[in-house]
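Here are my notes for your first look at this model. Please keep the viewer open while you read, and look up each residue as it comes along.

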Amino acid sequence: MITLNTEKFKDAVGKAIKGAGLNKLIPLTSMIAIKVENNQLTLITTDASNTLYIMREVNASTFYAVAYAEQLYKLITRITTDTIKLDVKDAVLIVKANGEYKLELPLDENGNTVVFPEDDLSSIQTVAPNTDISHAT
């Protein structure tokens with residue numbers, strides 16, 4: 001289980017949802033990966049051509065889940081508590097905030113929870129928030 005600042009998580013999810021293609025013919029475009037490693041939250045979405053990584057510094061332990069992007073976004077935008085707790089049990093994402101909410105996680109063809117394909121980010125250029133990317137080099 002991890003605990004995150006609600007406003008920071010809302011902001012990150014709001015940015016990440018923009019990268020989700022939400023194409024019903026390509027299931028991965030309707031999903032969002034939530035990954036925490038080394039106190040860094042990474043949200044990953046794709047439109048099948050481009051992959052968007054939203055990264056934020058957090059004070060949280062290791063965590064991983066792939067959820068349905070729209071479902072998570074709609075829930076997170078309604079949260080009013082200062083913190084939000086996320087946990088995964090039996091292919092269900094448990095969100096504790098204004099109550100306890102359970103979101104079924106997508107499963108692959110073998111019945112296992114989906115793992116989002118990730119690129120090697122070591123050579124990727126990052127852009128600071130509010131940077132005009134038309135002038136980034």
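The points below go from the whole chain to one sheet, and then to a few single residues.

1. **What you are looking at.** Please keep in mind that this is a predicted model. The chain has 137 residues, and 36% of them are buried. About 8,400 Å² of the chain is exposed, with carbon and sulfur atoms supplying 47% of that area.

2. **The order of the elements.** Try walking along the chain from its N terminus: you will meet β-α-β-β-β-β-α-β-β-β. That makes eight strands and two helices. Now think about contacts between residues at least 6 apart in sequence: 57% of these join residues at least 24 apart.

3. **The sheet.** Which strands form the open sheet, and in what order? There are four of them, arranged as E1-E6-E7-E8, with antiparallel pairing. Strand E1, residues 2-5, and strand E8 stand at the edges with a single partner strand each, so one side of each has no neighbour in the sheet. From one strand to the next, the twist averages 25°. As a reminder from your lectures, strands of a sheet pair through backbone hydrogen bonds, and they can do so in a parallel or an antiparallel way.

4. **Helices on the sheet.** Both helices are worth finding here. Helix H1, residues 6-16, packs on the sheet and touches E1 and E6. The direction of H1 makes about 85° with that of E1. Helix H2, residues 69-76, also packs on the sheet, where it touches E6, E7 and E8. For H2, the angle to the direction of E8 is about 170°.

5. **Strand E7 and its first partner.** Why is E7 described as largely enclosed by the rest of the structure? Four of its five residues, in the stretch 92-96, are buried, so the description follows from that count. E7 pairs with strand E6 (residues 83-89) over five bridges in the antiparallel sense. Two residues lie between E6 and E7 in a hairpin, and Asp 90 in the turn has a positive phi of about 50°. If you want to check the register, Lys 89 stands opposite Val 92 in E7, and Lys 85 is opposite Lys 96 in E7.

6. **Strand E7 and its second partner.** Five bridges also join E7 to E8, residues 100-104, and these two strands run antiparallel. The hairpin that joins them passes through three residues. One pair to look up is Ile 94, which stands opposite Lys 102 in E8.

7. **A residue to inspect: Thr 6.** Is Thr 6 buried or exposed? Its relative accessibility is 2%, so Thr 6 counts as buried. This residue is found in helix H1. Beyond its neighbours within four places in sequence, Thr 6 is in contact with Ile 79, Thr 81, Asp 82, Thr 83 and Ile 84.

8. **Salt bridges around Asp 11.** Side chains of opposite charge can pair when their charged atoms come close. How many salt bridges does a search of the whole structure find? The search gives seven. In one of them, Lys 15 is bridged to Asp 11, with the closest N and O atoms 3.0 Å apart. Lys 15 and Asp 11 are four residues apart in helix H1, so about one helical turn separates them. Lys 15 is partly exposed, at 33% relative accessible area, and Asp 11 is partly exposed too, at 35%. Asp 11 also forms a salt bridge with Arg 56, whose closest N–O distance is 3.2 Å. Asp 11 lies in helix H1 and Arg 56 in strand E4 (residues 51-57), so this pair ties together parts that are 45 residues apart in sequence. Together, Asp 11, Lys 15 and Arg 56 are linked in a network of salt bridges.

9. **A salt bridge at Lys 102.** Let us return to Lys 102, the residue opposite Ile 94. Lys 102 forms a salt bridge with Glu 100, the closest N and O atoms being 4.0 Å apart. Lys 102 is exposed, with a relative accessible area of 56%, whereas Glu 100 counts as partly exposed at 46% relative accessibility.

How values were computed:
Residues numbered from 1 in each chain as written. Predicted model: local features only at pLDDT ≥ 70, side-chain atom pairs only at ≥ 80, totals over all residues. Heavy atoms only, no water. Buried < 20%, exposed > 50% of the residue type's maximum accessible area, 1.4 Å probe, protein only. Contact = heavy atoms within 4.5 Å. Areas by Shrake-Rupley, 256 points an atom, 1.4 Å probe, with all protein chains shown as cover. Pairing = 2+ DSSP bridges. Axes fitted to C-alpha atoms, helices over the stretch in contact; angles between N-to-C directions. Salt bridge = Lys/Arg side-chain N within 4 Å of Asp/Glu carboxyl O.
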